[in-house]
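Trainee: Hi! I'm new to this one, could you walk me through it?
Mentor: Happy to, let's bring it up.

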Amino acid sequence: MSIMEVRSVTYSYDGTKNVLDDISVSFEEGKVYAILGPSGCGKTTLLSLLGGLDVPTKGTILFDGTDIRQTGLGAHRSEHVSFIFQNYNLIDYMTPLENAALSATKETAMAALKRLGLTESEIKRNVLKLSGGQQQRVAIARALVANTRVILADEPTGNVDDAMSVEITNILKESAKETGKCVIIVTHSIDLAKEADTVLVLKNGVLQKQRPAELETESN
């Protein structure tokens with residue numbers, strides 16, 4: 001049974017050219033979805049619509065069968081979904097532990113941060129004193145420990161090395177399989193997409209499903 005549904009959604013920035021054109025797709029709990037497509041095709045826009053950060057020009061986004069606008073976009077963002085932003089969106093005067101603990105207990109936050117490769121010293125440092133890759137791990141930890149049923153991730157492996165990229169991919173998969181979360185990832189990484197249960201390719205405003213095994217070795 002689907003937890004989120006995109007129903008006949010169209011989105012236009014200027015009212016003339018559709019970035020998303022009459023898209024319909026559903027997402028289930030316990031599964032990982034990868035959204036691929038060329039730069040500027042609307043992948044992040046679709047993620048923003050799913051997260052209630054924007055509203056469609058036409059069509060509906062549903063969570064558990066209810067229009068998220070009826071629930072309230074603020075309530076949807078705080079109660080239903082967790083974000084992993086490409087630009088991190090961390091609170092810059094806090095430490096990694098304080099950022100992650102906004103969504104969980106300090107013990108749970110600490111465990112998640114350590115699992116993502118941060119040392120105790122780094123966990124207690126101001127986030128602005130961390131590298132981009134370390135800040136990315138903090139953003140991922142914060143989303144993982146939140147008590148929400150959907151994780152929306154925008155390029156979660158974009159600022160980390162290959163070894164950590166594999167680890168993050170495995171953690172996101174475990175989050176779906178072991179805790180039943182629905183994980184939706186926008187990515188350029190074919191390697192990450194191949195690990196997903198379902199691959200969605202967005203091109204010219206149209207979204208199509210593709211089997212992970214059929215992916216090319218390089219992204220478009």
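Trainee: How much area does the protein chain expose, and what part do carbon and sulfur atoms supply?
Mentor: The protein chain exposes about 10400 Å², and carbon and sulfur atoms supply 45% of it. Accessible areas come from the Shrake-Rupley method with a 1.4 Å probe, and for residues only the protein chains shown count as cover. Keep in mind that this is a predicted model, where local features need pLDDT of at least 70, side-chain atom pairs count only at pLDDT 80 or more, and totals for chains, interfaces and linings use all residues. Residues are numbered from 1 along each chain as its sequence is written, and side-chain values use heavy atoms, with hydrogens and water left out.

Trainee: And what share of the residues is buried?
Mentor: Buried residues are 51% of the 220 in the protein chain. Buried means under 20% relative accessible area, exposed over 50%, and partly exposed in between (1.4 Å probe, protein chains only).

Trainee: New topic: how many aromatic pairs are there?
Mentor: The whole structure has 3. Rings of Phe, Tyr and Trp (its six-membered ring) pair if their centres lie within 6.5 Å; planes under 30 degrees apart are stacked, over 60 edge-to-face, and the rest tilted. One of them joins Phe 27 and Tyr 33, edge-to-face, 4.9 Å centre to centre with 80 degrees between the planes.

Trainee: Are Phe 27 and Tyr 33 buried or exposed?
Mentor: Phe 27 is buried at 0% relative accessibility, and Tyr 33 is buried at 4%. Another pair, Phe 83 and Phe 85, is stacked: 5.0 Å centre to centre, 15 degrees between the planes. There, Phe 83 is buried at 14%, while Phe 85 is partly exposed at 22%.
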